[in-house]
Amino acid sequence: MNITTREQAIAADKTDPLAPARDNFILPDGVTYMVGHSLGPPTKAALEAVDKCARQSWANGLVGSWNSAGWFDLAANLGDRLSVMIGAAPGEVMVTDTVSINLFKLAASALPLTQGARQICVDADEFPTDQYIAQSFADMAAIQCNRVEDGGDKAAIAKGGVYIKSAVNYRSGARVDMAGYEALARKSGALIIWDLSHATGVMAFNMHGVGAKLATGCTYKYLNGGPGAPSFIYAAQDLIPNLNTPLPGWMGHAKPFDFNPHYTPQDSAARFASGTPPILSLCALDGALESFDGVDMAALDAKSGALGGLCIARADALGLTVSSPREAAQRGGHVSLQIDNGYPITRALHARGYHTDFRTPDTIRFGFSPLYIRYADVWDVMDALGDLLASGEWDRPEFHARSKVT
Ligand SMILES: Cc1ncc(COP(=O)(O)O)c(C=O)c1O
């Protein structure tokens, strides 16, 4: 798709088969929301589900709702719904805890299955929480934590052990060849724990197809589960019987209401559940996932690639530095620009209604969730960016004041 005018962008929106999905979302007037890679906006169904859960199931059903409103099985049922989106099987995905906690649980469960290897690796430019968890787990297990510099990952996987790796880099948006890494891991006996936070809900991928064994990922980004929505954990069925979580809480027990003092895990990924699940959040996610019902992930992937391509073409025309891969097949859902004064520029865009985000020291990220971002939005945000740069308006003092969350 070659869009070179705003009229062409509008025409592309008119023929976009995904365009009707935008109606599912609640988006404030005057806001163009390009931060779905950080926190997805609410869907109408998600807010209705939370309201129903709070006012009916909690207020009227009280504790009985664990049975009557399906609360008890909700996390596992949501895992089954997610399994369809990531090419896994029912029972292989559980919604629980945060990505940080799940990385720890997976690392501890995976290490004993790596034929005596004594190392955990993580890319040196990986999302910080992944690095902190890898280091902390290595310290506890008295093994080596290897922060792998750019280009060293394949050699590190060839040495075996556990490797924590994002399918899409949080900063650059670069997507990795999961199948290629898994092929290397099969040879060396390494186990890769995929961080799918920036991949799920925006990209087409298939865990079985690429041979992936272990993963976790957020539900609050492109899945629109809401602030602090619990993450999901994936384990391939053939590994599950041998995976022992280091946090065996009662909710992962095969029969929690037997109140047995000894732990017997569930025989599915539900063994990774720890404590009582956050039901209001799970209800929000339940509603949010309706937006993906019947949606072809390949169509989502193609549209986010086309939106990103338009952003890159317009950034090139403005003479800006694009730090994301140029090929759509090598990008996730966002495009990053490397730019001086990125923070005040982000704030100035925000003041004009264009929400993007900033990652220190110099990166502005534009998130292209294909369910609600339009081609015309991409056209317009780049117009606004060009105008702010040309006018110097971004340099106003109020745009320099740093917020806690950038
Ligand atoms: C790649 C990646 N991993 C992990 C996280 C954080 O996960 P959590 O807060 O669920 O522990 C983020 C948050 O943005 C992320 O981008």
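Start with the lining of the largest pocket in this predicted model, and colour it by residue class: you'll get twelve nonpolar, 15 polar and nine charged residues. The space inside this pocket comes to about 590 Å³.

To centre your view, select Ser 38, Leu 39, Lys 221, Arg 359 and Arg 365; of the 36 lining residues, these lie nearest the centre of the largest pocket.

Now bring in the secondary structure. Which elements each supply at least two residues of this lining? Select helix H5 (99–110), helix H6 (128–141), helix H12 (342–351) and strand S12 (357–359), and you have them. Give H12 its own colour, as the largest share of the lining, four residues, comes from that helix.

Next, colour by domain. Domain 1 (6–30 + 296–399) and domain 2 (47–292) each give at least three residues to the lining of the largest pocket.

**On to the second largest pocket**

Select Asp 123, Asp 125, Asp 150, Asn 169 and Ala 174. These lie nearest the centre of the second largest pocket, which has 22 residues in its lining. Its volume is about 460 Å³. Switch the class colours back on here: the lining of this second pocket divides into five nonpolar, seven polar and ten charged residues.

**A closed space**

How many cavities of 30 Å³ or more does the structure hold? Just one, with a volume of about 40 Å³. To find this cavity, pick Asp 16, Leu 18, Ala 19 and Arg 22, then add Lys 303, and finish with the run Pro 370, Leu 371, Tyr 372, Ile 373 and Arg 374. In class terms, the cavity lining has six nonpolar and four charged residues, with no polar ones.

**Last stop: strand S10**

Select residues 334–338, which make up strand S10. Is S10 mostly covered or uncovered? Mostly covered, with four of its five residues buried.

Add the partners of S10 one at a time. Strand S9 (residues 321–322) runs antiparallel to S10, and two bridges join them. Strand S13 (residues 363–367) also pairs with S10 in the antiparallel sense, this time over five bridges.

To see both pairings from one residue, click on Gln 338. In S10, Gln 338 is the bridge partner of Thr 321. Look towards S13 and you'll find that the bridge partner of Gln 338 there is Thr 363. Show Thr 321, Gln 338 and Thr 363 together, and you can trace the bridges from Thr 321 to Gln 338 and on from Gln 338 to Thr 363.

Technical notes. Residues are numbered from 1 along each chain as its sequence is written. This is a predicted model: local features need pLDDT of at least 70, side-chain atom pairs count only at pLDDT 80 or more; totals for chains, interfaces and linings use all residues. Side-chain values use heavy atoms; hydrogens and water are left out. On a 1 Å grid over the protein atoms alone, a cavity is a set of points where a 1.4 Å probe fits but cannot get out, and a pocket is an open set with protein on both sides within 12 Å along at least five of seven lines; lining residues have an atom within 4 Å of a point. Grid points are joined across faces, edges and corners, and a volume is the space filled by probe spheres set on the points. Ala, Val, Leu, Ile, Met, Phe, Trp, Tyr, Cys and Pro count as nonpolar, Asp, Glu, Lys and Arg as charged, and the others, Gly among them, as polar. Domain bounds come from an automatic or database domain assignment. Buried means under 20% relative accessible area, exposed over 50%, partly exposed in between (1.4 Å probe, protein chains only). Two strands pair if DSSP finds at least two bridges between them.
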